[in-house]
Amino acid sequence: MARVRVRAAEARYGQAGGEAGAAAMAADPGLWSAEFVLEKAKAERAKKRRGDAWLDAVSVSTVGGDIGGRNALHYAAQSSGDVAWLRRLNVLDVQELRLQTEASRQPSLAAVDIGGDSALTIAARAGNVGAVRYIIEESGVDAASASLADAAVAAFAAGELDSVQALAERLVAFPEKVALVVRTAAFYGFGGLFDAVSVALKSAGARAYMGAEVALEQSARRAGGTSMVHLAALNGHVHMVKRALEQNIFRSSVFDAHFRDDAGLSALDMANYFGYRACADELLAFSAEFDAPEYDGMRAEAPALQVAPFAARAGAPGSSGATSSTGAFGVFVTLGTNDLRRGAKMPPLAVDAVALQSALDKLQLPRSTHLLLRIGAEHGELVSASAAVADVTALLEKPDMAEHVWLPPAHFHTARPEQFVLRLELVALVDHALAPCASEHRVVAQAALSLPPTHVPGYHERVPGQYIPLCLTGGSYLQAVFVAAATDGVVAAANIEALVCTPYHYGAATPAPSRPTTPAGPALDLGPDLGLAEPAVAIPWHQPGRTLIYGHRGSGMNCPHAERPGYLQLGENTVLSMQQAVRDGVAAVEFDVQLTRDMEPIIYHDWLVAETGMDTPANALSLAQFLALNPRARVPPASRSCSDLLAAPAPPPDPVLAPVVMANSRDTVQEPFATLHDLFEALPPGVGFDIEVKYPMPDEADGVGMTTSFEINLFVDRILDVVYSYIGCPPHLRAAHDDDDDHAQRLPPPPHLRRPIVFTSFHPDICVLLAHKVAGDIPVMLLTDAGMSAMADVRCNSIDVAVRLCKWAGLAGVVTHVGPIVQSPRVASLVRRNRLVLATYGDLNNQPEHVRLQQAYGVDVVIADDVRTATAAIESHR
């Protein structure tokens, strides 16, 4: 609001200020506005008249300020050129104040406007070095010291380095101000400001920087123990991290990479939690050995780290109040886009400045009026709504999305999506002090949008012999055009990413799935009886205070022989691999699920099936075609789902002949491909399933050339149908016509006999849809790479954003890359204190010392390839 008022004041009184002042106040110099005083001074000086006599008629109103809180000295400081009039006005001001009897009266040179800016700050930002030096050298310390730090930061942000140098030379006399400037420079990544202050401290001598050290330590204690390195790592300023670690002026502990705040977190913990990989690597490179923090007080048994049993949160998109039980459609609206690659081409808001100014003039509002963008909805029999409001100024000042910034979308639930209207409004935030006759909020322009089509042909609606149609990959991108009511002109356009979630009812989209054996080719050979007993009580998918081991793609993903020499590899994502993992003692098996062209869930990891010899997308093959790629029937055997299994380089492809079939590692025991049906049939019901739902994200689809996929709701519904056909579907998720003979068989068994299942996905939209559709019946967790590799989706680059998305969407927890957790074990506490379950994946989970470390810090689930080693590590540590 402060900035708004200043801009409004400048708009109203900054344009032809002399004329406006003359028209309103020429009759009485004692009532002249501050800017009119300055304008008249300039005019008198231009006419070469004596500039002092007329000033005697100006009363103390010069000190009082105008509507923006600025006095004549503020405007004089903003003007470039010599500072004669600034000096003269200051002298007059002091003389006038001597006649004042109010003890609380401050010199107007130190006074601030309603934006908090003093004359010094205004001069520094404007690059008026002469005014800066006059204020800090001649006007007196009392008038300038209060705003030295603000002025230095404002000058550097404006690129006025001469002003920065002048202010830095004066700053060193005030240790507290030095501490404030240095910490601000670290937080905002102002490396040049930090360097300027460092040079000034060197020149000032030992007493100056020793005093600054004491002030920095005191500031750190007052701010919860956050050091300089903490502040730099908090926002990912790797250059500031390097400056803080390599500087040779301060010897204080607040520049130590190992310094921990009051919560016991180091700068490395901050960098790993917020996904700033470059900062974490710099900290690791600077100090190769980071001591693991003590376990005391951080064990899983600590009350602060206990995670309550999973339950969908009330009010979240996945809670029972806004789920399929109500039959409502979910609508999730993001301003701009979550795709960082499209951020520059799809800014949240683009404004036609001329048209907007014309609309504001028609409404008799200042051209600098602060605007808000309000997203709401109407019609469509709304069940619930959570509107969103965005600051237009912020959107226009920084249209590009930050890599680690995510704001929850607006979400609505409507019973009639075909009647639903999304309404967007540009609202003027009017201050009564600026426009007493205006209303508090006034709509300047508005736009309306309907939803994209929500009806997708279901499985039972397809024409015999034809497949379900595919749609383009990626989200639904819409553009809203704002029309001003005052001018009937287009003033702005907003880009929107919309996700529509259809309600789920078992068997509504697809017929009740049968449980066939392999529908094409030889019957699936499940191998000899492995003696897998069916426990009477299933192990819960997570147990508070206990770390469980999940088998990654069964008994481990396939990898080149050199990475795991002497290890017999079973084909990943096969029934044999799952059975072996169960024998090795895992609580659950993790596997990847995709859909074939005829919508059958298959167990396969890669997007492209290399075994076809042409890198064909999995969703382009029918189930019969997919299962016909039987590795046992081919010589040489085809590869599994990893294309990097080459034991030797493949021969170069012949441009004339068909593409070469990719070779397979000779160290992998091959098994037939499997379907989701096969796993439910082959594994005991006490074995948990971690079902990773594989749906291509836009950058993944672009990377492998996948241009089409199934509509996302139909994709999720088909997988849910198969899952519920085995574990039983709760009554509130059943379709209205679901009264067939198999009804009793598909009722869910008692909780202690039901197979434990958890859904996971790297695709945030898949997680949101699953949470919305299952209504808390099955837990859903978000997979994140935690910044270990750059992702195009802003929601996938840090543990911090993953935690916030989980809390907003009502998800059960986070599955993160293990790297940040091993480097910063206390990050686990940041996740668990949000009452979320924490699981990890990655190669480091195959090393027993890292498994034991995670167990000590309360990680709930460790997904490992070497399940025997991981299980043994857990048992020995327990």
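Val481, Val483 and Val490 come together as a nonpolar patch on the surface, sharing about 210 Å² of accessible area. Keep in mind that this is a predicted model. Besides that patch, here's a quick look at an enclosed strand, β20, and at a buried glutamate without a salt bridge, Glu213.

**The valine patch**
- One of the patch members, Val483, sits in strand β10, which covers residues 476-484.
- Val483 has 34% relative accessibility, so it counts as partly exposed; the cut-offs for that class are 20% and 50%.

**Strand β20 and its partners**
- β20 spans residues 688-693, and six of its six residues are buried, so the strand is largely enclosed by the rest of the structure.
- Both faces are covered: Phe689, Ile691 and Val693 are buried on one side, and Gly688, Asp690 and Glu692 are buried on the other.
- Strand β14 (residues 588-595) runs parallel to β20, and six bridges join the two.
- Within that pairing, Glu590 has Asp690 of β20 as its bridge partner.
- β20 also pairs with strand β22 (residues 757-761), again in the parallel sense, over four bridges.
- Here Ile691 stands opposite Phe759 of β22.

**Glu213, buried without a salt bridge**
- You'll find Glu213 in helix α14, residues 206-222.
- Glu213 is buried but has no salt bridge: Arg251, the nearest side chain of opposite charge, is 5.3 Å away. The cut-off for a salt bridge is 4 Å.
- Setting aside neighbours within four places in sequence, Glu213 is in contact with Ile249, Phe250, Arg251 and Ser252. So Arg251 turns up both as a contact and as the nearest opposite charge, with contact defined as heavy atoms within 4.5 Å.

Definitions and conventions:
Residues numbered from 1 in each chain as written. Predicted model: local features only at pLDDT ≥ 70, side-chain atom pairs only at ≥ 80, totals over all residues. Heavy atoms only, no water. Buried < 20%, exposed > 50% of the residue type's maximum accessible area, 1.4 Å probe, protein only. Lys, Arg positive; Asp, Glu negative; His and termini not counted. Pairing = 2+ DSSP bridges. Patch = residues over 30% accessible without salt bridge, like charges linked within 9 Å, V, L, I, M, F, W, Y side chains within 5 Å. Areas by Shrake-Rupley, 256 points an atom, 1.4 Å probe, with all protein chains shown as cover.
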